[in-house]
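Please open the model in a viewer and keep the sequence panel visible beside it. The tour below proceeds by selection, one stop after another.

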Amino acid sequence: MEAYYNCLQCMNKKVRLLTVDGRHYQGTIVDVDRENVYLRQEGGGPIRTSAFSPYGYGYGNEILTLSLFTLLAIALI
């Protein structure tokens with residue numbers, strides 16, 4: 001639940017996210033719910049998700065969906 005509140009405080013801000021498997025992602029948090037955080041990545045690229053996206057197929061290739069369960073750290077940049 002702490003990750004959820006941290007993401008809410010960082011809404012619409014540039015962040016760097018670190019996951020428990022050692023991956024890091026950079027972008028702007030555009031939405032958060034009780035299970036997922038939605039990150040608009042800089043520079044586009046392929047979609048990678050670790051959870052179901054409510055935005056649906058074809059919403060845009062810059063939105064990354066990450067499960068809050070996988071987050072280890074959030075840093076404002």
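## First stop: a facing pair

Select Leu39 and Leu64: Leu39 stands opposite Leu64 in β4. Before going further, please note that this is a predicted model.

Now extend the selection to strand β3, residues 36-41, and to β4. The two strands run antiparallel, and five bridges join them.

Keep β4 alone, residues 63-67. Is this strand enclosed or open to the surroundings? Five of its five residues are buried, so β4 is largely enclosed by the rest of the structure. Display the side chains to see their directions: Ile63, Thr65 and Ser67 point one way, while Leu64 and Leu66 point the other way. The residues on both sides are buried.

## The whole sheet

Switch to a cartoon of the full chain. One helix and five strands make up its secondary structure, and along the sequence they follow the pattern α-β-β-β-β-β. The five strands form an open sheet in the order β4-β3-β2-β1-β5, with antiparallel pairing. Select β4 and then β5 (71-76): these strands stand at the edges, each with a single partner strand, so one side of each is left without a neighbour in the sheet. From one strand to the next, the twist averages 45°.

Some totals for the chain may be kept in mind during the tour. Of the 77 residues in the protein chain, 32% are buried. The accessible surface comes to about 4,900 Å², and carbon and sulfur atoms account for 52% of that area. Among contacts with a separation of 6 or more, 47% are between residues 24 or more positions apart.

## Thr19 and its contacts

Select Thr19, which lies in strand β1. With a relative accessibility of 3%, Thr19 counts as buried. Which residues does Thr19 contact, leaving aside its neighbours within four places in sequence? They are Tyr25, Thr70, Leu71 and Leu72. Draw a distance between the C-alpha atoms of Thr19 and Thr70: the two are 51 residues apart along the chain, yet these atoms are separated by 5.3 Å.

## Two salt bridges

Side chains of opposite charge can pair when their charged atoms come close. The structure holds two salt bridges, and each may be selected in turn.

Begin with Glu62 and Arg40, whose closest N and O atoms are 4.0 Å apart in the salt bridge. Glu62 lies in the loop between β3 and β4, whereas Arg40 is in strand β3, so the pair ties together parts that are 22 residues apart in sequence. Both partners are partly exposed: Glu62 has a relative accessibility of 25%, and Arg40 has a relative accessible area of 37%.

Next, select Asp21 and Arg23. Their salt bridge has its closest N and O atoms 3.7 Å apart. Asp21 is exposed, with a relative accessible area of 53%, whereas Arg23 counts as partly exposed at 46%. The cut-off explains the two labels: a residue is exposed over 50%, so Asp21 at 53% qualifies and Arg23 at 46% does not.

## The helix and the loop after it

Select helix α1, residues 2-9, where Tyr5 has its place. Is Tyr5 buried, partly exposed or exposed? Tyr5 is partly exposed, with a relative accessible area of 43%. Add Met1 and Leu8 to the selection and show the surface: together with Tyr5, these residues make a nonpolar surface patch of about 330 Å².

Finally, move to Asn12, found in the loop between α1 and β1 (14-19). Asn12 counts as exposed, at 59% relative accessibility. What should be checked in its backbone is phi, which is positive at about 65° although Asn12 is not a glycine. For background, most residues other than glycine have a negative phi.

Note on methods
Residues are numbered from 1 along each chain as its sequence is written. This is a predicted model: local features need pLDDT of at least 70, side-chain atom pairs count only at pLDDT 80 or more; totals for chains, interfaces and linings use all residues. Side-chain values use heavy atoms; hydrogens and water are left out. Buried means under 20% relative accessible area, exposed over 50%, partly exposed in between (1.4 Å probe, protein chains only). Helices (H or I, at least four residues) and strands (E, at least two) are DSSP runs, numbered from the N terminus. Two strands pair if DSSP finds at least two bridges between them. Patches are made of residues with over 30% relative accessible area and no salt bridge: like charges are joined within 9 Å, nonpolar side chains (Val, Leu, Ile, Met, Phe, Trp, Tyr) within 5 Å. Accessible areas come from the Shrake-Rupley method with a 1.4 Å probe; for residues, only the protein chains shown count as cover. A salt bridge is a side-chain nitrogen of Lys or Arg within 4 Å of a carboxyl oxygen of Asp or Glu. Contact means heavy atoms within 4.5 Å. Axes are lines fitted to C-alpha atoms, for helices over the stretch in contact, and angles run from 0 to 180 degrees between N-to-C directions.
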